[in-house]
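User: Hey, can you walk me through this one? I'd like to go over side-chain pairs, contacts and empty space.
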Amino acid sequence: TVAGSGAASADAPSWQVDVKYGESSLDETFGVFQPSTFDDESNVAAVEVGYRFNDYIGVQAGYHDLGSFNGNGSPCTDIEGQPCIERLASTALCAEGFDCLLVIVPLEAEITGWSAAAVPSWPFTDRLSAFGKIGVLDWEADIFTTPAALASFGQVGSFSDTDLLTAVGVRYRFGRHVSAVLEHQRLAPELDSSTLGGGRSF
């Protein structure tokens, strides 16, 4: 996140690096014929680099580890078909000849993403400012089975998309180069995060 004025900044352009950590929440269904459903919370971490043109506008790009979320669904992909039925039969979760594709098991989704955004800001004092953010998030969700009995299935799906990213937050500068930032982001239609972090300007 790039935002706000620095102490004694006087509208001076600067580079900004932020490291953030917090909590993310996901309420999403991936897939169509064999959907995987997740409604869970996790930890999120991000590293962002940006450039502030003046006290009122900046740009930034970042990498986001959005967390690991627990859910449930089929261990088979949408298109795997008969080979998956045969593998499920060998796990004793279903018997050969039954509709094994309806088996529901615990799953885990690991989500990461890259972002780019414009960051307008509104300084209240030479140290405290509020900011907004609007941009895009290019994310990927890798879905795995979690029970030991299904370890052979490994990754059962991968989904990716590019979504609108929005955020609001506040930044407090302790001096010319060091700051703290509190932020809430809507990273995708059903993915949110709240983070606290530190920043260094150059």
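Analyst: Sure. One term before we start: contact here means heavy atoms within 4.5 Å. This is a predicted model, where local features need pLDDT of at least 70 and side-chain atom pairs count only at pLDDT 80 or more, while totals for chains, interfaces and linings use all residues. Residues are numbered from 1 along each chain as its sequence is written, and side-chain values use heavy atoms, with hydrogens and water left out.

User: OK, so which residues is Thr166 in contact with, leaving aside neighbours within four places in sequence?
Analyst: Those are Lys133, His184, Gln185 and Arg186. Thr166 itself sits in strand β6 (residues 155–173); strands (E, at least two residues) and helices (H or I, at least four) are DSSP runs, numbered from the N terminus.

User: How far apart are the C-alpha atoms of Thr166 and Gln185?
Analyst: 5.8 Å, with their positions 19 residues apart along the chain.

User: And is Thr166 buried or exposed?
Analyst: Partly exposed, with a relative accessible area of 30%. The scale: buried is under 20% relative accessible area, exposed is over 50%, and partly exposed is in between, using a 1.4 Å probe and protein chains only.

User: Switching to charges. How many salt bridges does a search of the whole structure find?
Analyst: Seven, a salt bridge being a side-chain nitrogen of Lys or Arg within 4 Å of a carboxyl oxygen of Asp or Glu.

User: What does Lys20 pair with?
Analyst: Glu183, with the closest N and O atoms 2.0 Å apart. That pair links distant parts of the chain, as Lys20 is in strand β1 (residues 14–30) and Glu183 in strand β7 (residues 178–188), 163 residues apart. Both Lys20 and Glu183 are buried.

User: Which other Lys forms a salt bridge with Glu183?
Analyst: Lys133 does, at 3.0 Å between the closest N and O atoms. Lys133 lies in strand β5 (residues 128–145) and Glu183 in β7, so this salt bridge ties together parts 50 residues apart in sequence. Lys133 is buried as well, like Glu183. Through shared partners, salt bridges join Lys20, Glu48, Lys133 and Glu183 into one network.

User: What about Asp55, what does its side chain meet?
Analyst: Arg52, in a salt bridge of 3.0 Å, N to O. Asp55 counts as buried because its relative accessibility is 10%, and Arg52 counts as buried because its value is 5%.

User: Now rings. How many aromatic pairs are there in the whole structure?
Analyst: The search finds seven. Rings of Phe, Tyr and Trp (its six-membered ring) pair if their centres lie within 6.5 Å; planes under 30 degrees apart are stacked, over 60 edge-to-face, and the rest tilted. Take Tyr51 and Phe53: their ring centres are 5.2 Å apart and the planes are at 75°, so the pair is edge-to-face.

User: Any bigger grouping? Which residues form one aromatic cluster?
Analyst: Phe30, Phe38, Trp139 and Phe159.

User: Last topic, empty space. What lines the largest cavity?
Analyst: Leu26, Glu28, Phe30, Ile111, Trp139, Asp163, Ala188, Glu190 and Leu191. On a 1 Å grid over the protein atoms alone, a cavity is a set of points where a 1.4 Å probe fits but cannot get out, and lining residues have an atom within 4 Å of a point.

User: Which strand gives the most to that lining?
Analyst: β1, with three residues.

Key
On a 1 Å grid over the protein atoms alone, a cavity is a set of points where a 1.4 Å probe fits but cannot get out, and a pocket is an open set with protein on both sides within 12 Å along at least five of seven lines; lining residues have an atom within 4 Å of a point.
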